[in-house]
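The exercises below are to be worked with the sequence and the model open side by side. Each task is followed by a stepwise solution.

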Amino acid sequence: MKILRISALLALVSFFSAPAIAGTLEDVQARGFVKCGVTTGLLGFAAPDDSGNWKGFDVDVCRAVAAAVFGDSSKVEFTTTTGKTRFPTLASGEIDVLARNTTWTFSRDVDLGFEFIGINYYDGQGFLIPASLGVASATDLDGASVCIQTGTTTELNLADFFRANSISYESIPVETNDEARENLFAGRCDVYTTDASGLAATAAQADNPADWILLPEIISKEPLGPLVRHGDHVWGDIVRWSLNTMIIAEEKGLTSNNLDTKLAMNNDPEIFRLTGKEGEYGAMFGLSNDFGYNIIKQVGNYGEVFERNVGLKTPLKLARGLNAPWTDGGLLYSPPFR
Ligand SMILES: N[C@@H](CCC(=O)N[C@@H](CS)C(=O)NCC(=O)O)C(=O)O
């Protein structure tokens, strides 16, 4: 039902605003910056710093696309979106790409008419509670009030989990992570459930993070990735290979700092292709051949982006886990650059 309603809404939005189906790259180039949809603010993923500059893991995906298209990672305009507004905002052409911890699902991909270009964070849904609640497992949450963000996969997984365990809950719907955090900290809900990375971001903002506990259950797969509209393959390829470039750069040991030295001292043909020293790869989708060099130099490799935004030395303190390269036992695996 819900999915049907959303697709009907999207069809309407598309009809009235008639976004360009192809030609996104030309539109972006003519405008001079990429329009990127992000969250309303989620520490580590997309949030403005004290000077108003957007920072975060999803923000860096947008910056990589800008570095690829313009050779300048600053050429991005950020649009905030909620769980509910993100899809109509992308469908209407108001943004060129959505990078907003969005889970890749069948119905979003097929029915809503979007193209997920990859996965930039492998996540799963968890539960955050105050230690004082004295609960050790999510199966003990019978009768709990649960803060839940609307328009998300979280809503649907929560219903499935409680039903499968024959327990009940009272839903406290919220529109944004800020609202969920305020409600949780004020005791207006017993539990907050969302992607575990979002829970880490939320707990990090508590006066005393140790007062908050992540329950052991991870109840879903949440492969989070950037998406574009169906129908513009060139643009989809540009966003996909901007992300892949960061993943391959980590695999090859290229960082924003060592890039020039490594290039001067290296004989690896894939590194030459990736950075535009050899081949005409950028030209294949209408970009400069050094698009990969610009991404790595200005934004960094995937590992750098992970560590500076959400890694162990940040308030979120997230370990690489599934988000390690396949060569280190994780799931990050880009097709080859050739
Ligand atoms: N991955 C899920 C949940 C995404 C989601 O909305 N997560 C929350 C909490 S992690 C969020 O990003 N909130 C940011 C905001 O409120 O703008 C989905 O795609 O539906």
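**Exercise 1. Two helix pairs**

Which residues in H9 meet which residues in H13?

Solution. The model is a predicted one.
Step 1. On the H9 side the residues are Met 246, Ile 247 and Glu 250. On the H13 side they are Tyr 302, Gly 303 and Val 305.
Step 2. Sorted by class, this contact holds four nonpolar residues, one polar and one charged.
Step 3. For the geometry, take H9 as residues 233-251 and H13 as residues 302-309; their axes lie 6 Å apart and the packing angle is about 95°. The two helices are therefore roughly perpendicular, since angles of 65 to 115 degrees are put in that class.

Now treat the pair H3 and H9: at what angle do the axes cross, and which residues meet?

Step 4. The axes of H3 (residues 57-70) and H9 cross at roughly 105° and come within 9 Å. This makes H3 roughly perpendicular to H9.
Step 5. H3 contributes Val 61, Ala 64, Val 65, Ala 68 and Val 69. H9 contributes Ile 238, Val 239, Ser 242, Leu 243 and Met 246.
Step 6. The class count for this contact is nine nonpolar, one polar and no charged residues.
Step 7. Compare the two residue lists for H9: Met 246 appears in the contact with H13 and also in the contact with H3.
Step 8. The spacing within H3 can be read against helix periodicity. An α-helix has 3.6 residues a turn, so residues three or four places apart point the same way.

**Exercise 2. The chain as a whole**

What radius of gyration does the chain have, and what would a compact globule with 338 residues have?

Solution.
Step 1. A compact globule of 338 residues would have a radius of gyration near 20 Å. The chain has 20 Å, so the two agree.
Step 2. Along the principal axes, the C-alpha atoms fill a box of roughly 60 × 50 × 40 Å.
Step 3. The secondary structure amounts to 13 helices and 14 strands.
Step 4. Buried residues make up 46% of the 338.
Step 5. Take the contacts between residues at least 6 apart in sequence: 75% of them join residues at least 24 apart.

**Exercise 3. The ligand shell**

Which residues come nearest to the ligand, and how does the shell divide by class?

Solution.
Step 1. There are 20 residues around the ligand, and the nearest are Thr 39, Thr 40, Thr 152, Thr 176 and Gly 198.
Step 2. By class the shell has two nonpolar, 16 polar and two charged residues.
Step 3. Elements that each supply at least two shell residues are helix H6 (153-164), strand E11 (191-195) and strand E13 (222-224).
Step 4. Gly 198, one of the nearest residues, is also among the buried residues of H8.

**Exercise 4. Helix H8**

How many residues of H8 are buried, and what covers them?

Solution.
Step 1. H8 spans residues 196-204, and eight of its nine residues are buried.
Step 2. The buried ones are Ala 196, Ser 197, Gly 198, Leu 199, Ala 200, Ala 201, Thr 202 and Ala 203.
Step 3. The cover includes strands E7 (121-123), E8 (125-130), E11 and E12 (212-214), together with helix H7 (177-185).

**Exercise 5. Serines and a lysine outside the helices**

Is Ser 73 buried or exposed? Classify Ser 288, Ser 166 and Lys 317 as well.

Solution.
Step 1. Ser 73 sits in the loop between H3 and strand E4 (76-80). Ser 73 is buried because 21 C-beta neighbours lie inside 10 Å, and the cut-off is 20 or more.
Step 2. Leaving out residues up to four places away in sequence, Ser 73 touches Arg 63, Ala 66, Ala 67, Gln 298 and Val 299.
Step 3. Ser 288 lies in the loop between H11 (269-275) and H12 (291-298). With 15 other C-beta atoms within 10 Å, Ser 288 is partly exposed. With the same sequence exclusion, Ser 288 touches Gly 71 and Gly 282.
Step 4. Ser 166, in the loop between H6 and strand E10 (169-174), has 8 other C-beta atoms within 10 Å and is therefore exposed.
Step 5. Lys 317 is in the segment after H13; its 14 C-beta neighbours inside 10 Å make it partly exposed.
Step 6. Check phi. Most residues other than glycine have a negative phi. Ser 166 has a positive phi of about 50°, and Lys 317 likewise has a positive phi of about 50°.

Key
Residues numbered from 1 in each chain as written. Predicted model: local features only at pLDDT ≥ 70, side-chain atom pairs only at ≥ 80, totals over all residues. Helix = DSSP H or I, 4+ residues; strand = E, 2+ residues; numbered from the N terminus. Rg over C-alpha atoms; globule rule 2.2 N^0.38 Å. Buried ≥ 20, exposed ≤ 12 C-beta atoms within 10 Å, placed from the backbone. Contact = placed C-beta atoms within 7 Å. Axes fitted to C-alpha atoms, helices over the stretch in contact; angles between N-to-C directions. Parallel < 35°, antiparallel > 145°, perpendicular 65-115°, else oblique. Nonpolar A, V, L, I, M, F, W, Y, C, P; charged D, E, K, R; others polar. Near = placed C-beta within 6 Å.
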